[in-house]
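Got your viewer open? Here's a short tour that tells you what to select at each stop.

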Amino acid sequence: MKTLRYRSRDQEVYFLEELLQKMGYEIYVSTYFGVDTDKAVKDFQQKNDLVVDGIVGLKTWSKLLAQENQIFDSNSKLLSEQDLIDFAQRYDLELAAVKAVNEIESNGKGFLVGDKPRILFEGHIFWRQLEAKGIDPKNYVSEESANVLYKKWTRKYYVGGIGEYDRMNKAAALDDHPDFKAATKASASWGMFQIMGYHFKSLGYASVDAFVEKMFEHEREHLAAFGKFLEVNKLLKHLRSKNWAAFARGYNGPGYAANKYDIKLAKAYAKYS
């Protein structure tokens, strides 16, 4: 495990914060080691007779992992080298290009500690999904629902990790109408590549429930959904030609340049090729 500390940015920070959140610490699960995580780590170190320095090295990792019995439950659901080879052959892509995209565009491990796929619930999408079903979301706006139902995008309600399931379930509980559960599943992004649930129809799934069931099965299914997404949105041609800017623009949106996705993809490709 990598040594982590305040201001570290890495997928392993997400894993660390997942563990801390499961232990009861109220922190935002992301890939950034912020003030809340630093405070939680120091408290954990204090309670476990470790040096209280906020640095998550071998000793702190050992204590954290020893306290979590279900950490590796989802190991049988992880992508393999053969999965990437099969994907490359299916879509007529160079394996190095597939590995580059897998490294840069995936969110690392597709499952949370405890075997559920990673999600991010979007309250503004939930608003639109209700409208599309003929339900007036304004009828459900309250102080209690403010963190799961809102008209405009904001990141301030994200909690990350298993907490996103709590938000999704809270949204579904606003009404016992069956459309609410479907709308909440469609309003979350799922798995390694964070594919929005509302894409289920264009990707060939019979229902949003069918899509979600696949997301629970294996990271291989996350990759399969990603492939369908690239195909539907005509992004495969950019992978074949290694036009990283065009690919990043199509997948990440107009802000791709600010985040240097095209540069990161090019570097990853150079490494694998």
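## Stop one: an aromatic cluster

Start by selecting Tyr251, which counts as buried because its relative accessibility is 16%, under the 20% cut-off. Keep in mind as you go that this is a predicted model.

Now add Phe226, a buried residue with a relative accessible area of 2%. Which other ring is stacked with Phe226? Select Phe193: the centres of these two rings are 4.0 Å apart and their planes are at 10°, so the pair counts as stacked. Phe193 sits in the loop between β2 (188-190) and β3 (195-196), while Phe226 belongs to helix α10 (residues 219-232), so you're looking at a link between distant parts of the chain, 33 residues apart. Like Phe226, Phe193 is buried.

Go back to Tyr251 and look at how its ring meets Phe226. This aromatic pair is edge-to-face, with 5.3 Å from centre to centre and 85° between the planes. It's another link between distant parts of the chain, joining Phe226 in helix α10 to Tyr251 in helix α12, 25 residues apart.

To show the full cluster, select Phe193, Phe226, Phe229, Phe247 and Tyr251, which are linked by ring pairs. If you fancy hunting for others, a search of the whole structure finds 14 aromatic pairs.

## Stop two: helix α12 and its neighbours

Tyr251 is a handy way into α12, so colour the helix's buried residues next: Trp244, Ala246, Phe247, Ala248 and Tyr251. What do they pack against? Show α5 (95-105), β3, α10, α11 (236-241) and α13, and you'll have the partners of those buried residues on screen.

Zoom in on one of these partners, α13. The axes of α12 (residues 244-252) and α13 (residues 261-272) come within 8 Å of each other and cross at roughly 125°. That angle is why α12 is oblique to α13. The crossing is right-handed. To see who makes the contact, show Trp244, Ala245, Phe247, Ala248 and Asn252 on the α12 side, then Tyr261, Asp262, Leu265, Ala266 and Tyr269 on the α13 side. Colour this set by residue class and you get eight nonpolar, one polar and one charged.

Before leaving, click on Gly253, the residue that follows α12: its phi is positive, near 90°.

## Stop three: helices α7 and α8

Next, select α7 (residues 163-172) and α8 (residues 178-186). Their axes come within 8 Å and cross at roughly 150°, which makes α7 roughly antiparallel to α8. The crossing here is right-handed too.

For the contact itself, show Met168, Ala171 and Ala172 from α7, together with Phe180, Lys181, Thr184 and Lys185 from α8. By class, these residues are four nonpolar, one polar and two charged.

## Last stop: Lys151

Finish in the loop between α6 (123-132) and α7, where you'll find Lys151. Is Lys151 buried or exposed? It's exposed, because its relative accessibility is 58%.

Select His124 as well and draw a distance between the two C-alpha atoms: Lys151 and His124 are 4.9 Å apart in space, though 27 residues apart in sequence. Then add Trp127, since Lys151 touches both His124 and Trp127, leaving aside residues up to four places away in sequence.

Key
Residues are numbered from 1 along each chain as its sequence is written. This is a predicted model: local features need pLDDT of at least 70, side-chain atom pairs count only at pLDDT 80 or more; totals for chains, interfaces and linings use all residues. Side-chain values use heavy atoms; hydrogens and water are left out. Axes are lines fitted to C-alpha atoms, for helices over the stretch in contact, and angles run from 0 to 180 degrees between N-to-C directions. Helices (H or I, at least four residues) and strands (E, at least two) are DSSP runs, numbered from the N terminus. Angles under 35 degrees count as roughly parallel, over 145 as roughly antiparallel, 65 to 115 as roughly perpendicular and the rest as oblique. A crossing is left-handed if the near helix is turned anticlockwise from the far one by less than a right angle, and right-handed if clockwise. Contact means heavy atoms within 4.5 Å. Ala, Val, Leu, Ile, Met, Phe, Trp, Tyr, Cys and Pro count as nonpolar, Asp, Glu, Lys and Arg as charged, and the others, Gly among them, as polar. Rings of Phe, Tyr and Trp (its six-membered ring) pair if their centres lie within 6.5 Å; planes under 30 degrees apart count as stacked, over 60 as edge-to-face and the rest as tilted. Buried means under 20% relative accessible area, exposed over 50%, partly exposed in between (1.4 Å probe, protein chains only).
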